[in-house]
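Here are some short exercises to work through with the model open beside you. Try each task before you read its solution.

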Amino acid sequence: MKINTPNELPRVDIIDRSKNRLYARHEYSNGLILVSEIMPGNLKVSSNYKLLKESDGTYSPDFDSPNFDFYECPRVI
């Protein structure tokens, strides 16, 4: 899965890291927030904006359509 994001490194907060799971929050300067959960053979990604599938198979955030089902995970300080 490729999500079109700004050409920059995001702020990344590792929420949980264990042998079988990596749970992280990625925040970009344009307000896009991605939460990813990576487990063996499985990837879950959620965004604070709905993602539109582009003709090339990538996904782009739709800044006119907030994702009201987005769960804002707590940040690690």
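**Exercise 1. Salt bridges**

How many salt bridges does the structure hold? Find them, and check how well covered their partners are.

*Solution.* Keep in mind that this is a predicted model. The structure holds 4 salt bridges.

Step 1. Start with Arg-11, which forms a salt bridge with Asp-13; their closest N and O atoms are 3.5 Å apart. A residue counts as buried when its relative accessible area is under 20%. Asp-13, at 7%, is therefore buried, while Arg-11, at 42%, is partly exposed.

Step 2. Go on to Glu-37 and Arg-21, whose side chains meet in a salt bridge at 2.7 Å, N to O. Glu-37 lies in strand 3 (residues 33-39) and Arg-21 in strand 2, so this pair ties together parts that are 16 residues apart in sequence. Glu-37 is buried with a relative accessible area of 15%, and Arg-21 is partly exposed at 27%.

Step 3. Now look at Glu-27 and Arg-25, which meet in a salt bridge at 2.8 Å, N to O. Glu-27 is partly exposed, with a relative accessible area of 24%; Arg-25 is buried, at 2%.

Step 4. Finally, look for shared partners: salt bridges join Asp-16, Arg-21 and Glu-37 into one network.

**Exercise 2. Strand pairing**

Work out in which sense strand 2 pairs with strand 1 and with strand 3, parallel or antiparallel.

*Solution.* Step 1. Take strand 1 (residues 11-18) and strand 2: they pair in the antiparallel sense over 7 bridges. These two strands form a hairpin with 2 residues between them. To line them up on your screen, use Arg-17, whose bridge partner in strand 2 is Leu-22.

Step 2. Do the like for strand 2 and strand 3, which are also antiparallel, with 6 bridges. Here Ala-24 stands opposite Ser-36 in strand 3.

Step 3. Inspect the turn of this second hairpin. There are 5 residues between strand 2 and strand 3, and Gly-31 takes a positive phi near 95 degrees.

**Exercise 3. A nonpolar surface patch**

Which residues make the nonpolar surface patch of about 430 Å²?

*Solution.* Step 1. Select Met-1, Leu-22, Ile-38, Leu-43 and Val-45, which make up the patch.

Step 2. Place Leu-22 in the fold: this residue belongs to strand 2 (residues 21-27). Leu-22 is partly exposed, with a relative accessible area of 30%.

**Exercise 4. The core and its surroundings**

Name the residues of the largest nonpolar core, then trace the contacts of Tyr-49 and Pro-6.

*Solution.* Step 1. The largest nonpolar core has 5 residues, namely Ile-3, Tyr-28, Leu-32, Leu-34 and Tyr-49.

Step 2. Follow Tyr-49 outward, leaving aside its neighbours within four places in sequence. Its contacts are Gly-31, Leu-32, Pro-61, Asp-62, Phe-63, Ser-65, Pro-66 and Asn-67. Among them is Gly-31, the residue with the positive phi in the hairpin of strand 2 and strand 3.

Step 3. Turn to Pro-6, in the segment before strand 1. Pro-6 is partly exposed, with a relative accessible area of 22%. With neighbours within four places in sequence again left aside, Pro-6 is in contact with Tyr-28 and Asn-30.

Step 4. Check the spacing of Pro-6 and Tyr-28: their C-alpha atoms are separated by 7.2 Å, while the two residues are 22 residues apart along the chain. Tyr-28 links back to Step 1, as one of the core residues.

Terms used:
Residues numbered from 1 in each chain as written. Predicted model: local features only at pLDDT ≥ 70, side-chain atom pairs only at ≥ 80, totals over all residues. Heavy atoms only, no water. Patch = residues over 30% accessible without salt bridge, like charges linked within 9 Å, V, L, I, M, F, W, Y side chains within 5 Å. Areas by Shrake-Rupley, 256 points an atom, 1.4 Å probe, with all protein chains shown as cover. Helix = DSSP H or I, 4+ residues; strand = E, 2+ residues; numbered from the N terminus. Buried < 20%, exposed > 50% of the residue type's maximum accessible area, 1.4 Å probe, protein only. Pairing = 2+ DSSP bridges. Core = buried A, V, L, I, M, F, W, Y, C linked by side-chain atoms within 4.5 Å. Contact = heavy atoms within 4.5 Å.
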